[in-house]
Amino acid sequence: GRARARGRVRQETGSAMASGIWVVAEHRDGAVRKVVFEMLSEARRLAGSLGEPVAAVLLGEGVGGLVEPLGHYGADRVYLGEHPLLGTYTTDGFATVLCEAIRAHQPSLVMFGATAQGKDLAPRVAARLDVGLAAECIALGLGEDKQMRAVRPVFAGKTRAASQFNEADFFIHYLAQEAGLEVNLLEDFRGAAHPDKVNLIY
């Protein structure tokens with residue numbers, strides 16, 4: 001069967017970290033992709049304004065060794081989904097596990113890299129959850145009203161357009177890796193060497 005025969009997704013208890021900003025931690029050849037660290041840096045900045053935690057979502061097989069670097073770059077918590085059926089990326093398998101995790105834990109924002117995988121996965125997840133999707137974002141910010149604003153390049157990158165989201169809306173977006181965002185190595189942020197880990201599949 002496909003990855004939907006994965007067992008149950010763990011329900012989070014308590015409200016201390018029941019929301020937050022999530023970063024989908026894409027990896028390749030045993031290493032976390034650079035765009036993930038960019039997104040964690042951006043998420044860490046937003047988290048300070050929102051007063052919410054930052055979490056990474058790591059799916060695959062035998063990827064537990066990637067948890068620690070995600071903590072170093074800003075993840076307070078890592079949601080780990082390991083299963084043999086997730087060893088190779090499939091849209092349906094990853095979307096199924098991710099959607100169940102989002103329903104169970106209710107993050108306020110989920111960030112995907114603007115990679116081939118991210119562009120494939122994010123629209124599928126957004127459609128299944130019936131939420132909005134802001135694609136190819138190059139910057140995020142909060143207005144004085146604490147509403148999220150996302151900036152996107154338009155007209156072949158010649159200008160930029162800002163979109164505002166109702167704070168009651170849950171939405172998913174990309175963070176474009178080609179946007180030229182400076183990778184903040186968070187030298188002043190001492191990330192957890194061992195971030196809180198939650199197994200999604202058990």
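Reader: Which elements each supply at least two residues of the lining of the second largest pocket?
Author: This is a predicted model. The pocket has a volume of about 180 Å³. Its lining takes in 16 residues. The elements that each supply at least two of them are S4 and H4.

Reader: Which element gives the most to the lining of the second largest pocket?
Author: S4 spans residues 54-60, and H4 spans 116-129. Both supply at least two lining residues. The most, 3 residues, comes from S4.

Reader: Which residues lie nearest the centre of the second largest pocket?
Author: By class, the lining has 10 nonpolar, 4 polar and 2 charged residues. Of the 16 residues in that lining, those nearest the centre are His27, Leu59, Leu86, Phe94 and Gln117.

Reader: Is Gln117 buried or exposed?
Author: Gln117 sits in helix H4. Its relative accessible area is 18%. The cut-off for burial is under 20%. Because 18% falls under that cut-off, Gln117 counts as buried.

Reader: Which residues is Gln117 in contact with, leaving aside its neighbours within four places in sequence?
Author: Gln117 lines the largest cavity and also lies among the residues nearest the centre of the second largest pocket. One of its contacts, Glu26, lines that cavity too. Another, Phe94, is among the residues nearest the pocket centre. With sequence neighbours set aside, the contacts are Glu26, Tyr89 and Phe94.

Reader: What kind of aromatic pair do Tyr89 and Phe94 form?
Author: The count comes to 3 aromatic pairs. In the one formed by Tyr89 and Phe94, the ring centres are 4.9 Å apart and the planes meet at 70°. Planes over 60 degrees apart set the class, so this pair is edge-to-face.

Reader: Which residue of the pair Tyr89 and Phe94 counts as buried?
Author: Tyr89 has a relative accessible area of 26%, which makes it partly exposed. Phe94 is at 7%. Burial needs a value under 20%, so the buried residue is Phe94.

Reader: What volume does the largest cavity have?
Author: A probe the size of a water molecule, rolled over the atoms, shows where empty space is left. The count here is 1 cavity of 30 Å³ or more. The volume of the largest cavity is about 40 Å³.

Reader: Which element gives the largest share of the lining of the largest cavity?
Author: Val24, Glu26, Phe112, Gly113, Gln117, Gly118 and Leu121 line this cavity. By class, they are 3 nonpolar, 3 polar and 1 charged. Strand S6 and helix H4 give two or more residues each. The largest share, 3 residues, comes from H4.

Reader: Which element gives the most to the largest nonpolar core?
Author: This core has 30 residues; Val36, Leu40, Leu58, Leu70 and Met111 have the most contacts inside it. Elements supplying at least two residues include strand S1, helix H1, strand S4 and helix H2. The most, 8 residues, comes from H1.

Reader: How many residues are in the second, separate core?
Author: Leu59, near the pocket centre by the ranking above, belongs to this second core. Val24 and Leu121, both in the cavity lining, belong to the second core as well, as does Ile102. The size of this core is 22 residues.

Reader: What percentage of contacts between residues at least 6 apart in sequence join residues at least 24 apart?
Author: The protein chain has 4 helices and 12 strands. Buried residues make up 49% of its 202 residues. For the contacts asked about, the share is 70%.

Technical notes
Residues are numbered from 1 along each chain as its sequence is written. This is a predicted model: local features need pLDDT of at least 70, side-chain atom pairs count only at pLDDT 80 or more; totals for chains, interfaces and linings use all residues. Side-chain values use heavy atoms; hydrogens and water are left out. Rings of Phe, Tyr and Trp (its six-membered ring) pair if their centres lie within 6.5 Å; planes under 30 degrees apart count as stacked, over 60 as edge-to-face and the rest as tilted. Buried means under 20% relative accessible area, exposed over 50%, partly exposed in between (1.4 Å probe, protein chains only). On a 1 Å grid over the protein atoms alone, a cavity is a set of points where a 1.4 Å probe fits but cannot get out, and a pocket is an open set with protein on both sides within 12 Å along at least five of seven lines; lining residues have an atom within 4 Å of a point. Grid points are joined across faces, edges and corners, and a volume is the space filled by probe spheres set on the points. Ala, Val, Leu, Ile, Met, Phe, Trp, Tyr, Cys and Pro count as nonpolar, Asp, Glu, Lys and Arg as charged, and the others, Gly among them, as polar. Contact means heavy atoms within 4.5 Å. A nonpolar core is a set of buried Ala, Val, Leu, Ile, Met, Phe, Trp, Tyr and Cys residues joined through side-chain atoms within 4.5 Å.
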